Amino acid sequence: MASPIISIDTQHNDMIHDSQFDYYARKLATCSSDRSIKIFEVAGEICQPSATIVEHEGPVWQVAWGHPKFGVILASCSYDASVIIHRESPQGTWKKIHTHKFHESSVNSISWAPHDYGLALACASSDGKVSILELEKEDKWIVNHFQNDTLGTNAVSWAPYSSVGSFTEDGRSVRRLVTGSCDNTVRIWRSVDGGWSEEGKISVSSPHSDWVRDVSWAPNTGMPYNIIASGSEDRTVYIWRQSDAEKTWTPTLMNQFDAPVWRVSWSVTGNVLAVSTGDHKVTLWKQSVDETWVQISALDEDTAM
């Protein structure tokens with residue numbers, strides 16, 4: 001039997017674009033076209049509003065919680081071309097600790113690196129650039145960037161710290177990112193000594209025929225391969241698998257949906273994929289023993305009411 005559905009009145013005045021639990025699922029952050037971020041304290045089925053953050057000058061597309069080893073930190077990105085880092089200190093009081101104004105147009109996606117790499121945030125923008133914002137020492141942030149494409153980047157996601165290909169033969173750490181963009185392409189990027197270079201490309205001719213709206217690198221499950229999910233405006237989700245760091249990625253069509261795919265998100269264990277589509281539905285998918293993907297749950301607007 002499915003768990004009860006809990007509805008939250010966020011008090012946003014416009015469309016909600018993202019909602020994220022923190023590491024311990026005790027705080028919930030939501031963001032909206034009304035330019036605000038709402039913070040809720042979560043205890044079981046009770047969600048109590050605790051703060052409203054209004055720092056952006058345009059719609060806020062995404063929010064992302066930092067790892068708790070760095071304190072209570074929340075990042076947000078916006079149509080106003082900025083990324084803002086917020087910190088809660090003391091409890092219930094939120095302060096802006098850094099504003100990242102590197103990009104020339106909307107910042108569409110943000111993703112914190114595995115905490116093993118330090119406090120580092122990847123930011124993907126409509127200007128086609130991906131910037132990496134890192135805290136070098138107290139209050140000093142450094143920025144690296146690379147040109148991902150020319151039409152605009154919609155999504156970015158980090159590889160897990162111990163994934164296949166995350167270390168060179170001589171033991172150096174390899175940081176990797178996956179991006180999805182408006183040229184229908186998924187790209188893999190890597191950094192060994194600070195600079196970023198393109199590692200592999202899932203070409204524009206296959207499999208997606210329209211904008212790649214979201215990408216998500218699956219958490220490390222201990223298996224000897226990498227997995228990435230990509231969702232597109234062409235209404236498809238593909239599962240990409242790389243068995244060896246030196247080999248190419250192999251695509252599998254997971255499903256053709258009835259509406260454009262907006263978001264894909266893995267469970268913490270990396271074996272269940274949530275897919276959000278433009279017809280207001282969220283479905284959960286799991287790989288069966290024969291390696292086919294099976295829908296195990298669904299939620300639509302009527303169910304959530």
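**Note on a predicted all-residue model: strands, salt bridges and a surface patch**

1. In strand S4, isoleucine 46 is the bridge partner of alanine 43. The structure is a predicted model, in which local features need pLDDT of at least 70 and side-chain atom pairs count only at pLDDT 80 or more, while totals for chains, interfaces and linings use all residues. Residues are numbered from 1 along each chain as its sequence is written, and side-chain values use heavy atoms, with hydrogens and water left out.

2. The hairpin around that pair is made of strand S3 (residues 37–43) and strand S4 (residues 46–53), which run antiparallel and are joined by seven bridges. Another facing pair in this hairpin is valine 42 and, in S4, cysteine 47. Two residues lie between the strands, and glycine 44 has a positive phi near 65°. Strands here are DSSP runs of E, at least two residues long, and helices are runs of H or I, at least four long, numbered from the N terminus.

3. S3 and S4 belong to an open sheet of four strands in the order S1-S2-S3-S4, paired antiparallel. At its edges are strand S1 (16–21) and S4, each of which pairs on one side only. From one strand to the next the twist averages 20°. Two strands count as paired if DSSP finds at least two bridges between them, and the angles run from 0 to 180 degrees between N-to-C directions, with axes as lines fitted to C-alpha atoms, for helices over the stretch in contact.

4. Another open sheet has the order S17-S18-S19-S20, again with antiparallel pairing. Strand S17 (212–217) and strand S20 (250–256) are its edges; each has a single partner strand, so one side of each is left without a neighbour in the sheet. The twist in this sheet averages 20° from one strand to the next. S17 is joined to strand S18 (residues 226–232) by five bridges, and the two run antiparallel. Within this pair of strands, tryptophan 217 stands opposite isoleucine 228 in S18.

5. As a whole, the protein has one helix and 24 strands. Its radius of gyration is 19 Å, close to the 19 Å that the globule rule gives for 305 residues, so the protein is as compact as a globular protein of that length. The radius is taken over C-alpha atoms, and the rule is 2.2 Å times the number of residues to the power 0.38. Along the principal axes, the C-alpha atoms fill a box of roughly 50 × 50 × 35 Å. Of the 305 residues, 47% count as buried; buried means under 20% relative accessible area, exposed over 50%, and partly exposed in between (1.4 Å probe, protein chains only).

6. How many salt bridges does the count come to? It comes to 15, where a salt bridge is a side-chain nitrogen of Lys or Arg within 4 Å of a carboxyl oxygen of Asp or Glu. One of them joins the side chains of arginine 175 and glutamate 134, at 3.1 Å from N to O. Arginine 175 is in strand S14 (residues 175–181) and glutamate 134 in strand S11 (residues 129–137), so this pair links distant parts of the chain, 41 residues apart. Arginine 175 and glutamate 134 are both buried.

7. A further salt bridge is formed by the side chains of arginine 263 and aspartate 214, at 3.3 Å from N to O. Arginine 263 is in strand S21 (residues 261–266) and aspartate 214 in strand S17, so the pair ties together parts 49 residues apart in sequence. Aspartate 214 is buried, at 5% relative accessibility, whereas arginine 263 is partly exposed, at 25%.

8. Glutamate 291 and arginine 241 also form a salt bridge, with their closest N and O atoms 3.4 Å apart. Glutamate 291 is in the loop between S23 and S24 and arginine 241 in strand S19 (residues 236–242), so the pair ties together parts 50 residues apart in sequence. Both ends have intermediate exposure values: glutamate 291 is partly exposed at 46% relative accessible area, and arginine 241 is partly exposed at 25%. Elsewhere, salt bridges that share partners join Asp18, Asp214 and Arg263 into one network.

9. Val282, Leu284, Val294 and Ile296 make a nonpolar surface patch of about 280 Å². Strand S23 (281–287) and strand S24 (293–299) each supply at least two of the patch residues. Valine 294 is in strand S24 and is partly exposed, with 39% relative accessible area. Patch residues have over 30% relative accessible area and no salt bridge; like charges are joined within 9 Å, and nonpolar side chains (Val, Leu, Ile, Met, Phe, Trp, Tyr) within 5 Å. Areas come from the Shrake-Rupley method with a 1.4 Å probe, and for residues only the protein chains shown count as cover.
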